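Colleague: I am in my first year and would like to learn how to read a structure like this one step by step. Could you take my questions in turn and show the reasoning behind each reply?

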Amino acid sequence: MSARILSGRPVAAALQARLAADVEELNRRGEHRQLVIVTATEDPSSASYVRTLQRFGAKIGVTVTVADLGPAASADRIRSTLQAAGANEDVHGIMLQTPLPEGTALADLGGAIAIGKDVDGANPASLARLLAGDPCFAPATAAAVVELLDHYGIGLAGRQVAVVGRSLVVGKPLLHLLLNRDATVTAAHSKTADLAAATRSAEVVVAAAGRAGLIGPAHVAPGSVVIDVGTNFDTAGELVGDVQADAVGTVAAALSPVPGGVGAVTTALLFRNTVYGLPHASGTQALPAAAGAAR
Ligand code: NAP
């Protein structure tokens, strides 16, 4: 492979260092930050991700509280737990873990998450704000793709970007984040007649289909940038992405792999949202001024 590897680790480490310093300052002021994670599943990958979030929170000094409602939780119970967290002024971020119990849906329950604490952009109203270009929390995985590209100085304005996948959680919000950054976007999905043609004409390809090895060397243009978002498990139980990394790496100029890519950035962004709150109109997120300080 000759492609430059766009690792998520330094991106996450830089975010973590800034967050740790700012949370220390907030804690000195007596302004503690808390992320509440609501789960209603026994899914082991969800449990493992919750542990990852708890570890990250512990490293930067943010309290992570898990409300584990169990897999039999009703929609009403989940909704009222989310609403209670929204009304609690000691809570700054709220996440609802998937999968959800049968008969309940993220698009429905997400509406119970207060917009200002919706750190993973699960409330449809957060998506509406994203479409309108208003300050909002975008789903963290979609935002992580843009953060990673920014970190490595890969410009988006005027560039041709193909996104493979159009889910509400990743593909669609990403398309809008890219449009808001003046990219020219192509949305590819399972009904796209010629996927390779759609992605080969792009300078940046983002694979978010959840299909192991879907993107091969014939799908990418020489010199392009490829970001893998897919998380799949192969027959040996190893985590693999949607991109055939070794083969694609001989054609692309740069590649963000799985594992080691956007995943760690996603976690850091959930905490950035929890610590700083909604972005300003300019899109920046920063430490709020101390109470009583000149603004
Ligand atoms: P999803 O809801 O299953 O959506 C998959 C999308 O990919 C759909 O739009 C689907 O098209 C499209 N697709 C499926 N097969 C395709 C094919 N053969 N060719 C072209 N498009 C195809 O999945 P998701 O929630 O968006 O997640 C996508 C991937 O990202 C998954 O692997 C997930 O595990 C991963 N993910 C990673 C992170 C992270 O932090 N790294 C976070 C969230 C998700 P249709 O719309 O036509 O069905």
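**Ligand, sheet and salt bridges**

Modeller: Let us begin at the ligand, keeping in mind that this is a predicted model. A polar side-chain atom of Thr266 lies 3.4 Å from an oxygen atom of the ligand.

Colleague: How much of the ligand's accessible area does the protein cover?

Modeller: Taken on its own, the ligand has 920 Å² of accessible area. Of that area, the share covered by the protein is 69%.

Colleague: How far is the polar side-chain atom of Ser167 from an oxygen atom of the ligand?

Modeller: Ser167 belongs to the residues that come nearest to the ligand, a group that also includes Thr141, Arg166, Ser190 and Thr231. In the side chain of Arg166, an N or O atom is 2.7 Å from an oxygen atom of the ligand. For the polar side-chain atom of Ser167, the distance to a ligand oxygen is 2.4 Å.

Colleague: Which element gives the largest share of the shell around the ligand?

Modeller: There are 20 residues around the ligand, and by class they comprise seven nonpolar, 11 polar and two charged residues. The largest share, three residues, comes from the stretch 262-276, which is helix α10.

Colleague: Which strands stand at the edges of the sheet?

Modeller: The open sheet is formed by six strands with parallel pairing, and their order is β1-β11-β8-β7-β5-β6. An edge strand has a single partner, so one side of it is left without a neighbour in the sheet. This is the situation of the strands at residues 4-5 and 184-188, namely β1 and β6.

Colleague: Which residue of β11 stands opposite Ile5?

Modeller: Strand β11, which spans residues 254-256, pairs with β1 in the parallel sense over two bridges. Opposite Ile5, the residue found in β11 is Leu255.

Colleague: Why are Arg18 and Asp22 about one helical turn apart, and is Asp22 buried or exposed?

Modeller: The side chains of Arg18 and Asp22 meet in a salt bridge, with 4.0 Å from N to O. Both residues are in helix α1 (residues 9-28), and because they are four residues apart there, about one helical turn separates them. Arg18 counts as partly exposed at 36% relative accessibility. Asp22 has a relative accessible area of 16%, which is under the 20% cut-off, so Asp22 is buried.

Colleague: Is Arg28, the partner of Glu25, buried or exposed?

Modeller: Arg28 and Glu25 form a salt bridge through their side chains, at 3.0 Å from N to O, and they are three residues apart in helix α1, again about one helical turn. Glu25, with a relative accessible area of 24%, is partly exposed. Arg28 has a relative accessibility of 58%, which is over the 50% cut-off, so Arg28 counts as exposed.

Colleague: How many residues apart in sequence are the parts that Arg79 and Asp108 tie together?

Modeller: The side chains of Arg79 and Asp108 meet in a salt bridge of 3.1 Å, N to O. Arg79 lies in helix α3 (residues 75-87) and Asp108 in helix α4 (residues 106-109), so the parts tied together by this pair are separated in sequence by 29 residues.

Colleague: Which residues are joined into one network by salt bridges that share partners?

Modeller: The count of salt bridges comes to 10. Where such bridges share partners, they join residues into one network, and its members are Glu24, Glu25, Arg28, Arg29 and Glu31.

Notes
Residues numbered from 1 in each chain as written. Predicted model: local features only at pLDDT ≥ 70, side-chain atom pairs only at ≥ 80, totals over all residues. Heavy atoms only, no water. Near = heavy atom within 4 Å. Polar contact = N/O pair within 3.5 Å; in protein donor to acceptor, adjacent residues only side chain to side chain. Areas by Shrake-Rupley, 256 points an atom, 1.4 Å probe, with all protein chains shown as cover. Nonpolar A, V, L, I, M, F, W, Y, C, P; charged D, E, K, R; others polar. Pairing = 2+ DSSP bridges. Buried < 20%, exposed > 50% of the residue type's maximum accessible area, 1.4 Å probe, protein only.
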